[in-house]
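I opened the notebook with the structure on the screen and wrote down what I looked up, one topic at a time.

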Amino acid sequence: MNGRGYLWVLGLFALCEGAAQTAVKGVVVEASSFEEIENAEVKLEGTTFSSKTDPDGKFEISDPNLPLGNQILFFSGTGYSDLRLPIIILKGETKDLDLIPLQRDMFHEQAINGIISLTDNELNDDEGSIENVSGLLQATKDVFLNAAAFDFSSTFFRPRGFDSEHGKLLINGIEMNKMFNGRPQWGNWGGLNDVQRNQVFSLGLAPSEVSFGGLAGTTNIIMRASEFSAGGRISYAAANRSYTGRVMGTYNSGEVKGGWAYSVSASRRFAQEGYNDGSLYDANALFISLSKNLNEKHEINFTGFYTPNIRGKSSANTQEVFDIKGRRYNSFWGYHNGQIRNSRTREIKEPVLMLNHYWNINDKIEVNNNVAYQFGKMANTRIDYGGTRLAVQANGEESYIGGGSNPDPAYYQKLPSYFLRFQDNQNYQAAYLAREHLEEEGQVNWEQLYRSNLISEAAGGNATYVIAEDRNDDEQIWVNSIITYIPNESIIINGKINYTRLKSENFASINDLLGGEGYLDVDFFAEGDSEYNLGDRAQSDLQNRNRVALEGDRYKYNFQLLAGVADAFAQAQFKYSMIDFYAAGNISHTSYQRNGLFQNGNFPDNSLGKSEILSFLDYGVKGGATLKFTGRHLLDVNLGRFTKAPGLRSSFSNSRQNNEVVEGLSSEKIESADLSYRFRAPYMKLRITGYFTEIKDATEISFFYADGLSGLGRNSTTAFVQEVLNDIDKQHLGMELGIEVKVTSTIKVKGAAALGQYTYSNNPNLYLTSEDFTEPVNYGSAYLKNYRIAGGPQRAAQIGFEYSDPDFWWFGTTVNFFSHAFADISPLSRTKNLLTDGDGQPLLDFDNDRARSLLRQEQFEDYILVNAIGGKSWMIKRGNYAGFFVSLNNILDVLYKTGGFEQSRSANYRTLLADKERDLPIFGSRYWYGNGASYYINFYLRF
């Protein structure tokens with residue numbers, strides 16, 4: 001044979017060698033219907049080899065370097081139970097597994113319905129400091145985080161003590177956290193449960209392909225028409241929680257002729273009143289997504305959603321009010337013309353429009369370009385009772401006559417404690433009548449408000465009472481580009497550049513004149529002085545003096561907040577047989593500016609026009625690794641150091657009235673680390689984690705009326721103030737445990753535990769600003785070190801079980817223990833003002849031991865909650881199902897506090913001691929209570 005013949009034979013052998021590639025393939029299907037499952041993940045455990053199923057459920061993993069012999073193939077998919085399948089791989093052979101059935105994880109799928117409802121209905125209450133991140137945890141199958149999301153969340157438990165501003169929530173790669181306070185506004189996509197099921201979650205500092213992330217993790221909700229499985233769903237839910245009924249319908253086309261795909265969803269949620277009295281709920285939701293496959297490399301997707309909703313708020317009550325009216329009492333509502341009417345509602349109408357471009361440059365590089373636009377309003381109503389009429393004296397001086405009393409039936413001057421406040425002169429008759437009135441009525445008297453306005457009008461005056469609406473009308477645009485580069489099976493490189501721009505109109509407007517003709521736009525509580533007369537000082541806008549505002553008019557305050565953020569991040573992940581590791585970095589520039597549209601009479605030189613531009617340059621680095629001792633034993637470590645710009649809310653000390661910037665404002669400095677051991681086997685899953693985080697230089701602003709203030713430079717010791725607390729340091733440390741044991745093929749036993757300690761780690765600086773005094777009053781250090789940070793229980797534990805019957809019915813129950821929840825403390829009471837008289841001199845009767853007792857932080861009682869879930873589904877025919885799901889919470893009707901705060905009204909030792917020594921304190925702490933026994937039942941048809 002000549003040389004050319006040898007080359008031909010060698011080439012033939014090489015071709016045969018390539019044809020005999022070592023491979024594993026199969027088709028992943030749903031166990032009950034044998035329908036193909038798209039986007040299920042298939043991994044060869046202990047290796048970097050993986051694949052995802054195509055629209056026909058097919059997958060193939062092929063490589064000449066596949067490990068041989070006994071191996072474990074791991075299957076996972078959203079809404080399905082994980083499967084670990086033992087296989088034998090032989091060199092040069094293709095292992096065809098044929099059909100691999102995955103069982104639906106009914107517990108996880110149905111619980112997501114409940115938790116998505118929770119995030120929209122019970123979170124982000126701007127009336128308190130409690131925040132919840134359960135909405136960020138829906139996508140995970142981690143045992144501990146499932147417990148945190150589905151069972152602990154009703155108590156406002158926060159994993160590792162972080163609220164939602166420390167987590168990142170994205171939709172189609174676009175970050176939805178609000179620039180005002182850093183928190184996701186769940187109401188913007190509430191009621192769209194069916195199109196929120198495709199989610200990618202990264203725990204804590206773990207890598208995310210779409211964001212640098214935050215301390216509380218990163219969730220990317222994929223609302224892309226081409227990613228939804230074809231089919232429809234109709235459901236109806238009934239509950240006695242935030243809403244009493246919900247109807248929802250969704251249809252996904254899957255890919256149709258011409259490369260198009262579309263998805264539509266709509267829902268309505270409603271309640272005349274929810275669990276708390278008078279807490280109305282009126283919400284609609286609309287969603288549409290349209291995708292077009294232009295060719296093999298390009299896809300365009302449009303997503304739009306609009307979820308207008310109105311909710312009635314609930315009051316936080318003192319112990320005195322609770323003892324008289326119970327846990328469901330809400331002082332914000334009353335009957336008007338026979339209908340429930342809540343004076344404090346929250347309305348959100350902020351549609352979101354997105355355009356996404358997906359570009360597969362080649363088999364190694366993908367680019368995702370996104371642009372989004374959001375506009376609309378968020379409005380919070382309240383009763384304004386400061387209506388007056390103008391009186392002009394003979395000398396031309398102006399004064400204002402009128403003003404009403406606070407119509408809140410639980411206002412402190414209407415409670416029994418107010419009439420018993422003097423030990424030597426207690427008015428028992430008035431106290432008895434006050435209690436009787438609260439017991440028998442105790443709601444807003446709408447008819448009386450209308451009557452008062454008619455009387456005022458008849459006397460030639462203006463409306464005394466109106467419904468005011470505090471508005472935020474935002475326009476925001478996002479533009480970003482995300483790149484993913486996979487040079488080989490062991491390396492993934494991600495990058496992102498982003499720009500966000502916000503224009504926010506902030507103003508009060510007249511929502512309802514309550515029968516009146518107009519409202520005089522002045523500050524009834526203003527006082528003139530030698531520099532400014534009362535007529536000028538009282539004006540909301542000196543450019544339009546003594547304006548009479550009509551319904552829809554802006555009044556009180558009117559300004560713009562302008563903000564811009566440019567940021568970029570890069571990340572590299574490396575995956576090998578014995579170790580995975582990653583490194584990531586980001587950089588961002590944030591700018592803020594206030595533009596005053598009213599010239600406020602209290603701040604004539606610092607309210608109209610633009611403020612200085614605030615600028616923050618921030619950075620972040622993080623890294624971590626997973627050591628794979630075997631396929632079952634893994635060790636994870638994550639480390640991060642980054643800075644975070646303050647939110648708009650924390651940047652201007654009194655943005656409603658002036659351009660004043662918070663003194664010493666800077667970015668937060670954050671360092672965090674966690675270490676986890678994980679064990680995974682067919683019969684058990686286990687994770688135990690230890691974590692430590694330090695947050696430095698945080699800023700918080702509070703607004704309240706204070707009594708007993710010193711150093712004001714005037715005769716009065718009372719004022720409505722803005723309390724600015726800056727240079728705050730916090731420390732979060734603790735442990736997490738999650739374990740799940742598969743006792744039989746149908747029974748699982750699970751447990752979870754959290755042991756946390758979240759404290760202030762320094763004594764931050766505190767100062768006050770107010771329209772009642774010209775210069776800030778600095779009280780120096782607020783002695784907060786070692787006080788606990790409020791916001792749900794810091795310790796929790798769970799034990800429970802799940803039963804899944806092969807005939808598609810299931811049930812489970814959990815017993816949950818909670819402890820170490822604390823009331824939010826008053827920083828002002830822990831400054832030098834506590835031991836100073838109104839004239840600035842030390843209090844002579846100050847007792848250090850008694851003061852220490854007065855300032856002891858309140859710890860709420862421990863409690864145990866028993867929850868249960870269950871359901872059943874039927875296959876009507878192939879691909880069509882009907883079923884129901886039931887969730888029962890707090891079955892034993894346990895009474896517990898979800899949060900509370902000390903009132904800062906009594907600001908010094910003398911006033912605080914006098915109030916605490918009363919049998920019924922006038923300014924005792926206010927509390928929120930968890931729901932009693934409650935249910936949620938959902939009926940559905942899937943086709």
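**Strand β8 and its partners**

I began with a single pair of residues: Leu169 has Thr219 in β11 as its bridge partner. I noted that this is a predicted model, and I kept that in mind for every entry below. Following the pair outward, I found that β8 and β11, the latter covering residues 218-221, run parallel to each other and are joined over four bridges.

I then looked at how the side chains of β8, residues 168-171, are arranged, and found that Lys168 and Leu170 point one way while Leu169 and Ile171 point the other way, with all of them buried. The strand also pairs with β9, residues 174-175, this time in the antiparallel sense and over two bridges. Within that pairing I saw Ile171 opposite Ile174 of β9. The two strands make a hairpin with two residues between them, and in the turn I recorded a positive phi of about 55° for Asn172.

**Helix α3**

Next I turned to the helix at residues 143-150 and asked how many of the eight residues of α3 are buried. The count is seven of the eight, so I wrote α3 down as largely enclosed by the rest of the structure. The buried residues are Val143, Phe144, Leu145, Asn146, Ala147, Ala148 and Ala149. At the N-terminal end I found Asp142 acting as a cap, with a side-chain oxygen 3.1 Å from the backbone nitrogen of Phe144.

**The sheet β4-β1-β7**

I looked up a sheet of three strands, which is open, has the order β4-β1-β7 and shows mixed pairing. β4 (58-62) and β7 (94-102) are the edge strands, and each has a single partner strand, so one side of each is left without a neighbour in the sheet. Ignoring direction, I noted an average turn of 20° between neighbouring strands of this sheet. Between β1, residues 23-30, and β7 the pairing is parallel and rests on seven bridges, and as one example from it I wrote down Val27, whose bridge partner in β7 is Leu99.

**Thr836**

Which loop holds Thr836? I placed Thr836 in the one between β42 (809-819) and α9 (848-854). Its relative accessible area is 10%, and since buried means under 20%, I entered Thr836 as buried. Leaving aside residues up to four places away in sequence, I listed the residues that Thr836 touches as Ser710, Gln841, Pro842, Leu843 and Asn908. The side chain of Thr836 also reaches the backbone oxygen of Lys832, at 2.7 Å. I checked Gly708 as well: 128 residues separate Gly708 from Thr836 in sequence, while their C-alpha atoms are 8.8 Å apart in space.

**The whole protein**

Last, I stepped back to the whole chain, for which I counted ten helices and 47 strands. The radius of gyration is 31 Å, close to the 30 Å that the globule rule gives for 943 residues, so I recorded the protein as being as compact as a globular protein of that length. Along the principal axes, the C-alpha trace spans about 125 × 55 × 55 Å.

Of the 943 residues, 57% are buried. The accessible surface comes to about 39,600 Å², and carbon and sulfur atoms account for 54% of that area. Finally, taking contacts between residues at least 6 apart in sequence, I noted that 71% of them join residues at least 24 apart.

Terms used: Residues numbered from 1 in each chain as written. Predicted model: local features only at pLDDT ≥ 70, side-chain atom pairs only at ≥ 80, totals over all residues. Heavy atoms only, no water. Pairing = 2+ DSSP bridges. Axes fitted to C-alpha atoms, helices over the stretch in contact; angles between N-to-C directions. Rg over C-alpha atoms; globule rule 2.2 N^0.38 Å. Buried < 20%, exposed > 50% of the residue type's maximum accessible area, 1.4 Å probe, protein only. Contact = heavy atoms within 4.5 Å. Areas by Shrake-Rupley, 256 points an atom, 1.4 Å probe, with all protein chains shown as cover. Polar contact = N/O pair within 3.5 Å; in protein donor to acceptor, adjacent residues only side chain to side chain.
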